[in-house]
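Please open the model in your viewer, with the sequence panel beside it, and follow the stops below in order. Each stop suggests a selection and then describes what is found there.

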Amino acid sequence: MIYDNHNRPISYLRLAVTDRCNLRCFYCMPEEGIKYLPKHQLLTYEEMERIVLVLARLGVQKVRITGGEPFVRAGLMDFLRRLAEIDGLKDISLTTNGVLTAPHVADLVALGVCSVNLSLDTLDRERFRQITRRDELPAVLKTLDALLDAGIQTKINAVVMDGQNTQDLIPLTDLTRTLPVDVRFIEEMPFNGEGSHYPVLHWTHRRIIDEIRTYYPNLQKIPDPLFSTSANYQIPGHQGTIGVIAAFSRTFCGTCNRIRLTAQGTLKTCLYDNGVLDVRALIRSGASDDELTSAFLRAFAHRPANGFEAEQSRDTVTESMSTIGG
């Protein structure tokens, strides 16, 4: 196991396989989309596999595949099969918007994919269209059904946006009554390609919980798993659970065990940093595995204590979450 300069273990890699997405979510990118990188500027699957091999030898045990939307990149399933063969990896998970995912669920089960995070900000078709700028809710719900039928641990991720979907807090919470899902509400962050939508974030993690308690006063706090980014709750008698992720308030930085690698090969040791290592450039300049290892260790030894410190070291945040890796 490796530790950063604040004695936090680093055991979890979020790996973006593409910056492309088939939705245009309000909180992720402008309506006109973002300027996607040319294919040669993205890491190849072979380069990503090599990076994961190096990090697994250092103690990374979990890899979550993200995008953009992972399933818009051809060859994803073959890449996942190669990852599944890497010694030391105990958990391969996936984050998806669900539009293209349903036909692949059986293969995900066969690969031993541990869990899937499904982005779903509303159950109302018209609001879904307004938020994502695409009419794809039926496809996403088909994926949700397929994941649950297959027995894959499923977490629903809903970004809470003032004036967009706050009326969906309770309908999404209600899913936990009869479904074994973890519904996680996420504070909106400024990673939409434009900067923050609000001078002040009104829907904080505290307000989200207060709103749910208005309808479910018996909402109970339950223990949080080790390294959890969410504060977790359950309503007595419900099959599923509720989580709230203080992604903007950044209350969980002290136990963060994760790093990110963007699709273009930039290492981020904090979501809010500006990128601390160009891994693609190292690989394409002929760096050995030992040299890659040394570069990673140097980056981990200078990790910011929290997201606020990371943000202070950069200019205004204007990237899209699709570019960073969801």
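Two residues are taken to be in contact when heavy atoms of theirs lie within 4.5 Å. By that criterion, residues 24 or more positions apart account for 72% of the contacts in the protein chain with a separation of 6 or more. Please keep in mind throughout that this is a predicted model.

**The whole chain**

Begin with the entire chain in cartoon view, where 11 helices and 14 strands can be traced. The C-alpha atoms fill a box of roughly 55 × 40 × 40 Å along the principal axes, and the radius of gyration is 19 Å, which agrees with the value near 20 Å that a compact globule of 326 residues would have. Buried residues make up 56% of the 326 residues. If you switch to a surface, the accessible area comes to about 13,900 Å², of which 50% belongs to carbon and sulfur atoms. Colouring by charge will bring out 36 positive and 39 negative side chains, and the centres of these two sets lie 1 Å apart.

**The open sheet**

Next, select the strands of the open sheet, which has 12 of them in the order β9-β10-β11-β8-β7-β6-β5-β4-β3-β12-β13-β14, with mixed pairing. At the edges stand β9 (220–221) and β14, each with a single partner strand, so one side of each is left without a neighbour in the sheet.

**β4 and β5, then β6 and β7**

Moving inward, select β5 (residues 91–96), where six of the six residues are buried. In a regular strand the side chains alternate between the two faces of the sheet. With side chains shown, Asp91, Ser93 and Thr95 can be seen to point one way from β5, while Ile92, Leu94 and Thr96 point the other way. Add β4 (residues 62–66), which pairs with β5 in the parallel sense over four bridges, and look for Val63, which stands opposite Ile92 of β5.

Just after this, follow the chain into the loop between β4 and α2 (76–83), where Gly68 lies; the peptide bond from Gly67 to Gly68 is cis, with omega near 20 degrees. Then select β6 (residues 115–119) together with β7 (residues 153–160), a parallel pair joined over five bridges, in which Asn117 has Lys155 of β7 as its bridge partner.

**β3, β12 and β13**

Now select Leu13, which lies in strand β3 (residues 12–16). Is Leu13 buried or exposed? At 1% relative accessibility, Leu13 counts as buried. Beyond its neighbours within four places in sequence, the contacts of Leu13 include Val52, Leu55, Val63, Ile259 and Leu261. A distance drawn from Leu13 to Asp121, C-alpha to C-alpha, should read 24 Å, for a pair 108 residues apart in sequence.

The next selection is β12 (residues 258–261), a strand covered on both faces, with Arg258 and Arg260 on one side and Ile259 and Leu261 on the other, all of them buried. Strand β12 pairs with β3 in the parallel sense over four bridges, and Tyr12 stands opposite Arg258 there. To β13, by contrast, β12 is joined by two bridges in an antiparallel arrangement, with Leu267 of β13 as the bridge partner of Leu261. These two strands form a hairpin with four residues between them, and Gly265 in the turn has a positive phi of about 90 degrees.

Continue to Thr269, in the loop between β13 (266–268) and β14 (277–278). Thr269 is buried, with a relative accessible area of 2%, and outside its close sequence neighbours within four places it is in contact with residues including Arg258, Ile259, Phe300 and Arg303.

**Two residues with positive phi**

To finish, select Asn7 and Arg133. Asn7 is in the loop between β1 (2–3) and β2 (9–10), and has a positive phi of about 65 degrees although it is not a glycine; at 60% relative accessibility, Asn7 counts as exposed. Arg133 lies in the loop between α4 (125–132) and α5 (137–150), where its phi is positive at about 60 degrees, again without being a glycine. Arg133 is partly exposed, with a relative accessible area of 24%.

Notes. Residues are numbered from 1 along each chain as its sequence is written. This is a predicted model: local features need pLDDT of at least 70, side-chain atom pairs count only at pLDDT 80 or more; totals for chains, interfaces and linings use all residues. Side-chain values use heavy atoms; hydrogens and water are left out. The radius of gyration is taken over C-alpha atoms; the globule rule is 2.2 Å times the number of residues to the power 0.38. Buried means under 20% relative accessible area, exposed over 50%, partly exposed in between (1.4 Å probe, protein chains only). Accessible areas come from the Shrake-Rupley method with a 1.4 Å probe; for residues, only the protein chains shown count as cover. Lys and Arg count as positive and Asp and Glu as negative; His and the chain ends are not counted. The place of a charge is taken as NZ of Lys, CZ of Arg, CG of Asp or CD of Glu. Two strands pair if DSSP finds at least two bridges between them.
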